[in-house]
Amino acid sequence: MTATPTRRTPVRLTRFAHGGGCACKIPPGELEEVVAGLTAPALAGGDTPLLVGLATGDDAAVVTHRGIAVVCTADFFTPVVDDPYDWGRIAAANALSDVYAMGGRPVLAVNLLGWPRDLLPFDLAREVLRGGLDTATEAGCHVGGGHSVDDPEPKYGMAVTGVADPGRLLRNDAGRPGLPLSLTKPLGTGVLNNRHKATGERFEHAVATMAALNREAAEAALAAGAECATDVTGFGLLGHLHKLARASGVTAVVDTAAVPYLEGAREAVRDGYVSGGTRRNLEWVAPHTDFGDTDVDTRLLLADAQTSGGLLVAGEVPGAPVVGELVPRGPHSLVLR
């Protein structure tokens, strides 16, 4: 029988989950098979046209209503760190990111909570919710309740509604040849989180980057005139870039030497802290990628399942490194150099 932890007993939340963060997503290839053909028909007589739906696998759904683009998304996952407050902050930032990735501004969120009530005390759940509330408040987004279930694994996230200018959306199907690719956060949260889960080591710089909002990055992208973007989360840089290139009908060339990584990320790969989700990401993009002479560790880092990663923008974003470019469509959707 498993003892119920108390606040006097240190709780390693990551031990209560089979995966962690966005690495616990259903693999992209399997997911696409599941949702194939499930695109909803146009609603007769509706006054809210669907601008962005399932077809391109974008970051959020968008409808228009009375001249406003309404952006809707949901995201939740198992613990990515052991600290409940930090997990709440990270999960909220990750959910809000989908709205920013569409060029929107989040206005209302509701909590999504799964909790093993017989295993973990509710004061930990309160800390998770407090972390989410604080991050949403920082974003200027209301939190209006939510939904909870008794769940064998702890899970937390948010469903978020935002607004945007329908003429100034950031979409993953709007890429054009000749545009540079900018990345607004370094990679490596996946392998560092996996090391944290296995060893208990805490990586403050990884927590800081995951908890940081993508608000300023989205504002900078819009100010620079960008029209195409996505955020980098569970499918890794290569997975999300493949989806962008496929939707836009272009090839994305990645300058592997220009991609930034968190301190310790390459060492974590070397030491074997690579999630199954990352390996599945790499397997999914392999048929669509010209890897050139890129070494295996770099391939794994480029496919690393990120949690609350940055924006990948087709265009130059001040302060963000340029990590590649879009070119006319070739034999592969991705080329590594």
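This report walks through two sheets, the helices that pack on them, and a few residues in a predicted model.

## The six-stranded sheet

Let's start with the open sheet of 6 strands, whose order is β1-β2-β3-β6-β4-β5 and whose pairing is mixed. Strands β1 and β5 (142-150) are the edges; each has a single partner strand, so one side of each lacks a neighbour in the sheet. Averaged over the sheet and ignoring direction, neighbouring strands are turned by 20° against each other.

At the β1 end, strand β1 (residues 50-52) runs antiparallel to β2 and is joined to it by 2 bridges. One residue pair to look up here is Leu50 with its bridge partner Val63 in β2. Moving on, β2 pairs with strand β3 (residues 68-77), again in the antiparallel sense, over 5 bridges. His65 has Ile68 of β3 as its bridge partner. These two strands, β2 and β3, make a hairpin with 2 residues between them, and Arg66 in the turn has a positive phi of about 55°.

Strand β3 also pairs with strand β6 (residues 155-164), in the antiparallel sense and over 9 bridges. Within that pairing, Phe77 is matched with Tyr156 in β6.

Strand β2 (residues 61-65) is a good place to look at side-chain directions. In a regular strand, side chains alternate between the two faces of the sheet. Here Val62 and Thr64 point to one face and are buried, while Ala61, Val63 and His65 point to the other face and are not buried.

## Helices α2 and α3

Helix α3 packs on this sheet, where α3 touches β4 (105-115), β5 and β6; the direction of α3 makes about 170° with that of β4.

Helix α3 (residues 122-138) also meets helix α2 (residues 84-101): their axes come within 7 Å and cross at roughly 40°. This angle makes α2 oblique to α3. The crossing of α2 past α3 is right-handed. On the α2 side, the contact includes Pro84, Tyr85, Trp87 and Gly88, and on the α3 side the residues include Leu124, Glu127, Val128 and Arg130.

## The seven-stranded sheet

The other sheet is open too, with 7 strands in the order β8-β11-β7-β12-β9-β13-β10 and mixed pairing. Its edge strands are β8 (229-231) and β10 (289-290), each of which pairs on one side only. Strand β10 pairs with strand β13 (residues 334-336) in the parallel sense, over 2 bridges. Thr289 has Leu334 in β13 as its bridge partner.

Helix α7 (residues 236-248) lies across several strands, among them β7 (180-183), β9 (250-254), β11 (311-314) and β12 (322-328), and α7 runs at about 150° to β9.

## Two residues of α7

Lys243 belongs to helix α7. Is Lys243 buried or exposed? With a relative accessible area of 12%, Lys243 is buried, because the cut-off for that class is under 20%. Leaving aside residues up to four places away in sequence, Lys243 touches Gly57, Asn172, Phe235 and Trp284.

Ala247 is also found in helix α7. At 25% relative accessibility, Ala247 counts as partly exposed. With residues up to four places away in sequence again left out, Ala247 touches Thr56, Asn172 and Asp173. The C-alpha atom of Ala247 is separated by 8.7 Å from that of Ala55, although the two residues are 192 residues apart along the chain.

## Cysteines and a summary of accessibility

The structure holds 0 disulfides. Cys141, for one, is in no disulfide: the nearest cysteine sulfur belongs to Cys72 and is 12 Å away. The table lists two cysteines beside the two α7 residues.

| Residue | Relative accessibility | Class |
|---|---|---|
| Cys141 | 5% | buried |
| Cys228 | 0% | buried |
| Lys243 | 12% | buried |
| Ala247 | 25% | partly exposed |

Definitions and conventions: Residues numbered from 1 in each chain as written. Predicted model: local features only at pLDDT ≥ 70, side-chain atom pairs only at ≥ 80, totals over all residues. Heavy atoms only, no water. Pairing = 2+ DSSP bridges. Helix = DSSP H or I, 4+ residues; strand = E, 2+ residues; numbered from the N terminus. Contact = heavy atoms within 4.5 Å. Axes fitted to C-alpha atoms, helices over the stretch in contact; angles between N-to-C directions. Buried < 20%, exposed > 50% of the residue type's maximum accessible area, 1.4 Å probe, protein only. Disulfide = S-S within 2.5 Å. Parallel < 35°, antiparallel > 145°, perpendicular 65-115°, else oblique. Left-handed = near helix turned anticlockwise from the far one by under 90°.
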